Amino acid sequence: MSARIPTLEERIRSSLPAHVAIIMDGNGRWARRRGLPRPAGHREGVKAVRRIVECCRAEGIQVLTLFAFSSENWRRPKTEVRLLLELFAATLQREVDALHRNGVQIRFIGERTAFPERLVRMMASAEATTAENDGLVLVIAVNYGGRWDLVQAMRHLAVEVAAGRVDPGEIDEARIAGHLSLADLPEPDLFIRTGGEQRISNFLLWQLAYTELYFTDVLWPDFDADCFREALAWFAGRQRRFGHTGEQVEQLKGA
Ligand code: IPE
Ligand code: IPE
Ligand code: MG
């Protein structure tokens with residue numbers, strides 16, 4: 001069971017995003033402002049994850065994708081990388097049962113081979129345990145990069161071409177999209193980045209082509225239900241045109 005893909009018309013009409021994708025940024029600054037070490041910010045950030053997952057369930061959001069660790073985050077000091085991976089493993093261990101009871105389907109996107117064996121097993125087990133759940137689909141992006149995603153999709157396509165199963169002329173948007181992460185899910189409708197930076201940081205590059213982009217200065221550990229609802233209200237006020245004119249969209253919504 002997974003989320004239903006809305007039609008273009010449904011995406012234009014809907015005031016509620018089917019899929020919210022979040023760059024959870026600002027943990028380090030949250031800690032430093034309190035005179036605390038950066039890890040304290042990451043730990044507080046986990047509480048915000050719990051809050052926002054609950055909000056998404058309450059609001060009837062179908063898919064929530066969270067950027068937890070980017071392919072570039074390996075550039076951080078070794079101690080911080082180690083702490084982030086430990087926190088990720090500990091959080092998984094602690095939260096999976098409750099998420100499962102609440103009908104949440106857990107998935108991970110990103111290159112897993114870089115992770116310790118034990119963590120890879122935990123991730124696979126969380127996915128297997130919750131695979132049949134039909135509630136919120138919670139996608140965690142770890143060691144994920146939008147460019148990595150495109151590279152792995154191109155590799156898969158190249159294998160198909162080399163094997164003679166696909167003709168290069170048959171490669172179109174749908175075929176490429178089909179090999180990318182999140183292929184079977186609705187595209188993100190609403191992107192949120194906390195922490196004040198206005199950039200994508202190599203998150204979902206292809207998939208964000210027509211996503212509404214929301215930036216807030218609130219640091220991730222401070223992001224709460226009110227902040228989330230504010231983002232949803234902002235989204236509801238957007239006119240999504242997908243290339244149409246505003247008049248066409250108004251007509252379609254009025255119909
Ligand atoms: C986001 O917070 C968490 C990760 C990238 C893992 P940061 O750690 O980037 O926090 P700032 O941007 O330094 O405040
Ligand atoms: C993006 O945040 C990655 C995650 C939130 C996991 P960063 O804090 O790493 O992004 P940059 O380096 O400021 O662009
Ligand atoms: Mg940051």
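Colleague: What makes a residue count as surrounding ligand 1?

Modeller: One of its heavy atoms must lie within 4 Å of the ligand. In this predicted model, Met 24, Asp 25, Gly 26, Asn 27, Gly 28 and Arg 29 qualify, and so do Arg 38, His 42, Ala 68, Asn 73, Arg 76 and Leu 84. Residues are numbered from 1 along each chain as written, chains are lettered from A and ligands numbered from 1 in written order. Local features need pLDDT of at least 70, side-chain atom pairs need 80 or more, totals for chains, interfaces and linings use all residues, and side-chain values use heavy atoms, without hydrogens or water.

Colleague: Why is the pair between Asp 25 and ligand 1 called a polar contact?

Modeller: A polar contact is a pair of N or O atoms within 3.5 Å. An N or O atom in the Asp 25 side chain is 2.9 Å from a ligand 1 oxygen, so the pair qualifies. Gly 28 uses a backbone N or O atom, also at 2.9 Å. Arg 76 uses a polar side-chain atom, at 2.8 Å.

Colleague: How much of ligand 1 does the protein cover?

Modeller: Alone, ligand 1 has 380 Å² of accessible area (Shrake-Rupley method, 1.4 Å probe), and the protein covers 87% of it.

Colleague: Which residues make polar contacts with oxygen atoms of ligand 2?

Modeller: Among them are Asn 73 at 2.9 Å, Arg 193 at 3.3 Å and Ser 201 at 2.6 Å. Each uses a side-chain atom. Ligand 2 alone exposes 390 Å², and the protein buries 78% of that.

Colleague: What makes helix 4 and helix 5 roughly parallel?

Modeller: Their axes cross at roughly 10°. Angles under 35 degrees count as roughly parallel, so helix 4 and helix 5 fit the term. Helix 4 covers residues 78-101, helix 5 residues 117-130, and the axes come within 11 Å.

Colleague: Which residues make the contact?

Modeller: Contact means heavy atoms within 4.5 Å. Helix 4 contributes residues including Phe 88 and Leu 92, and helix 5 residues including Leu 119 and Met 122.

Conventions. Axes fitted to C-alpha atoms, helices over the stretch in contact; angles between N-to-C directions. Helix = DSSP H or I, 4+ residues; strand = E, 2+ residues; numbered from the N terminus. Parallel < 35°, antiparallel > 145°, perpendicular 65-115°, else oblique. Polar contact = N/O pair within 3.5 Å; in protein donor to acceptor, adjacent residues only side chain to side chain.
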